[in-house]
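Please open the model in a viewer and keep the selection tool at hand. The stops below are meant to be followed in order.

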Amino acid sequence: QEGTSPVTVTVTVAADPDPERPTAINGEWVEEVEPGVFMTITVDATGQQVLKRVRFSRRKFNDGNAQGWWETNRVRIIRARGLKLQK
């Protein structure tokens, strides 16, 4: 649409989160939505869950196939979880 800025979600390939560390920090948390796919979620002022970041395990993805996975699955994941995208 004209006059609207695109919404982006950071997609990175990184080490898996440490299972010993608490995942809820400052009102945000990390969920593994599929093996090797980790989403950082926060809640906005209206109580809506907002997708802040998507990270991929280095053990399961490289940069190219992580980006491809996200392009293929992002609409399904966002709709299934009822998430907003961070602006």
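Where in helix 1 is the kink centred, and of about how many degrees is it? Before selecting anything, note that this is a predicted model. Now select helix 1, residues 63–81: the kink is centred on Asn73 and amounts to about 55°. Asn73 also belongs to the buried residues of this helix, together with Ala66, Trp69, Trp70, Ile77 and Ile78.

Next, inspect the two ends of the helix. At the N-terminal end, Asn62 acts as a cap, with a side-chain oxygen 3.0 Å from the backbone nitrogen of Gly64. After the helix comes Gly82, which has a positive phi near 65°.

Proceed to the interior. The largest nonpolar core comprises 14 residues, and those with the most contacts inside it include Val37, Leu51, Phe56 and Trp69. Helix 1, strand 3 (37–43) and strand 4 (49–57) each contribute at least two residues to this core, and helix 1 provides the largest share, 5 residues. Centre the view on Trp69: beyond its neighbours within four places in sequence, Trp69 is in contact with Glu34, Val37, Phe56, Phe61, Arg76 and Ile77.

Now select strand 2, residues 28–34. Strand 2 pairs with strand 3 in the antiparallel sense over 6 bridges, and Glu31 stands opposite Met39. The hairpin formed by these strands has 2 residues between them, and Gly36 there takes a positive phi near 85°. At Glu28, the side chain makes a polar contact of 2.7 Å with that of Lys52. Glu28 counts as buried because its relative accessibility is 18%, under the 20% limit.

The last stops concern charged pairs. Side chains of opposite charge can pair when their charged atoms come close. The whole structure contains 4 salt bridges.

- Select Glu31 and Arg81, whose closest N and O atoms are 2.5 Å apart in a salt bridge. Glu31 is in strand 2 and Arg81 in helix 1, so this pair ties together parts 50 residues apart in sequence.
- Select Arg76 and Glu34, which form a salt bridge with closest N and O atoms 2.7 Å apart. This pair links helix 1 to strand 2 across 42 residues. Arg76 is partly exposed at 41% relative accessible area, and Glu34 is partly exposed at 25%.
- Select Lys84 and Asp44, joined by a salt bridge of 2.5 Å, N to O. Lys84 lies in strand 5 and Asp44 in the loop between strand 3 and strand 4, 40 residues apart.

Key. Residues are numbered from 1 along each chain as its sequence is written. This is a predicted model: local features need pLDDT of at least 70, side-chain atom pairs count only at pLDDT 80 or more; totals for chains, interfaces and linings use all residues. Side-chain values use heavy atoms; hydrogens and water are left out. A nonpolar core is a set of buried Ala, Val, Leu, Ile, Met, Phe, Trp, Tyr and Cys residues joined through side-chain atoms within 4.5 Å. Buried means under 20% relative accessible area, exposed over 50%, partly exposed in between (1.4 Å probe, protein chains only). Helices (H or I, at least four residues) and strands (E, at least two) are DSSP runs, numbered from the N terminus. Contact means heavy atoms within 4.5 Å. The bend at a residue is the angle between axes fitted to the seven residues ending there and the seven starting there. A polar contact is a pair of N or O atoms within 3.5 Å; within protein, one must be able to donate a hydrogen and the other to accept it, and residues adjacent in sequence count only if both atoms are side-chain atoms. Two strands pair if DSSP finds at least two bridges between them. A salt bridge is a side-chain nitrogen of Lys or Arg within 4 Å of a carboxyl oxygen of Asp or Glu.
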